[in-house]
Amino acid sequence: GRPTLMDTSFEHNADAAPPVLSDQEEKKQKKDHGHDHSHAHADGHKSEVVAIGTLTVGGATFAIDREGLVEAGKDTTFGVELIGAGTAVPTEAWIANPDGEKLCDPVSGEGHDQHWHFTVCPLMPVKKSKFILRVGAEEAAISFAGAALPCNDGILTVLKAAHAPEWTAYLELKLHGDAGDLELWLYKTADKGKAPRPFDVPKETVIALSFPSHPGKAVEMRVRNTEKNEDEEGTPNMRSGGTNYFIFPGESGADAEWLVGEKWRGVATVAFEVDGNSYACDPFVLVPHDAL
């Protein structure tokens, strides 16, 4: 007959049975044995760079990113990069509500060449506010992508769809400077960089990268394989024929040598099509993840 409850509990108490570990103890053991695959750098630093898009103001176009979250009472640094033609210099930046109310004093930028940093500290909650950049007498506003942060130690940016102007999602691009290889993830949400919801697309999708900073250079990213499409940690990333994870060069044999170098820096754009719909992001500054 079937063993009674007493029998099974007796078996569990036998000396040979391994001790039952609590979740925390188990995690600790894994950590002690070096099996804790953290995406963070060796020094524990994790990327917080979010490219929020481009602004055209004062006759020039600027790619803008932020490092960290924008929160009341906290400093956040925005990077502003002049891309394309023009010699315009951004003069001031601040955070403002939709009605124009400034949530911090305007700050001037620290800059060199075509890149400036503006460190803002809003004094009130930032719910619907935007980042404002002034160039000469003109100013323009851009959404700073809420509380989104990178989830895999790359650069997060906002993904847009031509057919649905109000829709947004996110993509994260990670450049490994030692080998010139790239990883890319697509997310519906990336709140505070934790537990992102994948934005799955058909596994046949080809993600096209172009580099305005490197004329003539382009990259095509594809799945690692069509069975499990594992990431670099070996975690499968395929859900009923869809995935949110793409790599370059993979098995393509394409040249990645030009992307190698810990000091590599460029401007990238990403675009792809799904079911006849076009998805893309604004140009953004890409550097190797170790430099973030």
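**Aromatic contacts and pockets**

Trp258 is buried, because its relative accessible area of 16% falls under the 20% cut-off. This value, like those that follow, comes from a predicted model.

Trp258 introduces the aromatic contacts of the structure, which holds 10 aromatic pairs. One of them joins Phe62 and Trp116 in an edge-to-face arrangement, with 6.3 Å from centre to centre and 70° between the planes. This pair connects distant parts of the chain, since Phe62 lies in strand E2 and Trp116 in strand E6, 54 residues apart. How accessible is Phe62, buried or exposed? Phe62 is buried, with a relative accessible area of 0%. Trp116 also counts as buried, because its relative accessibility is 8%, under the limit of 20%.

Trp258 itself pairs with Phe211: the ring centres are 4.9 Å apart and the planes stand at 85°, so this pair is edge-to-face. The angle is over 60°, which is why the pair falls in that class. Here too the contact links distant parts of the chain, 47 residues apart. Phe211 sits in the loop between strand E14 (207–210) and strand E15 (218–221), and Trp258 in the loop between strand E17 (245–248) and strand E18 (266–274). Phe211 counts as buried at 3% relative accessibility.

Beyond these two pairs, Trp167, Phe199, Phe272 and Tyr279 form one aromatic cluster. A ring can also meet a charge: the charged end of Lys102 sits over the ring of Trp94, 4.8 Å from its centre.

The empty space in the model is considered next. The largest pocket holds about 370 Å³ of space. It is lined by 19 residues, of which Val49, Asp65, His115, Val287 and Leu292 are the closest to its centre. Strand E2 (60–67), strand E3 (76–83) and strand E6 (115–120) are the elements that each give two or more residues to this lining. Strand E2 gives the most, with 3 residues. Strands E2 and E6 thus appear again, as they also carry Phe62 and Trp116, respectively. By class, the lining of the largest pocket comprises 8 nonpolar, 5 polar and 6 charged residues.

The second largest pocket holds about 320 Å³ of space. Which of its 15 lining residues are the closest to the centre? They are Asn152, Trp185, Asp231, Thr235 and Asn237. The lining of this second largest pocket divides into 6 nonpolar, 6 polar and 3 charged residues.

Terms used
Residues are numbered from 1 along each chain as its sequence is written. This is a predicted model: local features need pLDDT of at least 70, side-chain atom pairs count only at pLDDT 80 or more; totals for chains, interfaces and linings use all residues. Side-chain values use heavy atoms; hydrogens and water are left out. On a 1 Å grid over the protein atoms alone, a cavity is a set of points where a 1.4 Å probe fits but cannot get out, and a pocket is an open set with protein on both sides within 12 Å along at least five of seven lines; lining residues have an atom within 4 Å of a point. Grid points are joined across faces, edges and corners, and a volume is the space filled by probe spheres set on the points. Helices (H or I, at least four residues) and strands (E, at least two) are DSSP runs, numbered from the N terminus. Ala, Val, Leu, Ile, Met, Phe, Trp, Tyr, Cys and Pro count as nonpolar, Asp, Glu, Lys and Arg as charged, and the others, Gly among them, as polar. Rings of Phe, Tyr and Trp (its six-membered ring) pair if their centres lie within 6.5 Å; planes under 30 degrees apart count as stacked, over 60 as edge-to-face and the rest as tilted. Buried means under 20% relative accessible area, exposed over 50%, partly exposed in between (1.4 Å probe, protein chains only). A charge sits over a ring if NZ of Lys or CZ of Arg is within 6 Å of the ring centre and within 35 degrees of the ring normal.
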